[in-house]
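Visitor: I would like to learn how to read side-chain contacts in a model. Where should we start?

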Amino acid sequence: MVFRPRDLASRMAERRKPDDGYLRETFSLPRDQARLRARDFLKRYPKAAYMSAVESWRELPGGDIEFTMRRLASAD
């Protein structure tokens with residue numbers, strides 16, 4: 001069986017899309033702007049209603065912060 005790079009990329013992309021009902025947004029911003037963006041996100045989608053959270057974050061070599069915010073699609 002021959003595997004192509006596109007096959008590997010497709011399998012990895014499928015793994016990254018969890019079907020758990022959460023919507024995710026990833027941002028890459030300077031530290032101060034990242035902090036403001038996360039606060040704005042949490043104000044717009046409160047944790048009590050949307051179960052919002054910073055799912056993951058990391059500091060990039062240039063000093064920017066890459067982070068993923070998650071929330072439920074709707075607050076019923």
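Guide: Start with a charge over a ring: Arg-71 lies over the face of Tyr-45, 4.0 Å from the ring centre. The model is predicted. In another such contact, the charged end of Arg-70 sits over the ring of Tyr-22, at 4.4 Å from its centre.

Visitor: Which residue forms an aromatic pair with Tyr-45, and how are the planes set?

Guide: Ring pairs are sorted by the angle between planes, and those between 30 and 60 degrees count as tilted. The structure holds three aromatic pairs. One of them joins Phe-41 and Tyr-45, with 5.1 Å centre to centre and 55 degrees between the planes, so the pair is tilted.

Visitor: Are Phe-41 and Tyr-45 buried or exposed?

Guide: Both Phe-41 and Tyr-45 are buried. Together with Tyr-50 they form one aromatic cluster.

Visitor: How many salt bridges are there?

Guide: A salt bridge needs a side-chain nitrogen of Lys or Arg within 4 Å of a carboxyl oxygen of Asp or Glu. The count comes to seven. Among them is Arg-31 with Glu-59, whose closest N and O atoms are 3.4 Å apart. That pair links helix α2 to strand β2, 28 residues apart.

Visitor: What does Arg-70 form a salt bridge with?

Guide: Its partner is Glu-55, with the closest N and O atoms 3.6 Å apart. Arg-70 lies in strand β3 and Glu-55 in strand β2, so the bridge ties together parts 15 residues apart in sequence. Salt bridges with shared partners join Arg-24, Glu-55 and Arg-70 into one network.

Terms used. Residues are numbered from 1 along each chain as its sequence is written. This is a predicted model: local features need pLDDT of at least 70, side-chain atom pairs count only at pLDDT 80 or more; totals for chains, interfaces and linings use all residues. Side-chain values use heavy atoms; hydrogens and water are left out. Rings of Phe, Tyr and Trp (its six-membered ring) pair if their centres lie within 6.5 Å; planes under 30 degrees apart count as stacked, over 60 as edge-to-face and the rest as tilted. Buried means under 20% relative accessible area, exposed over 50%, partly exposed in between (1.4 Å probe, protein chains only). A charge sits over a ring if NZ of Lys or CZ of Arg is within 6 Å of the ring centre and within 35 degrees of the ring normal. Helices (H or I, at least four residues) and strands (E, at least two) are DSSP runs, numbered from the N terminus.
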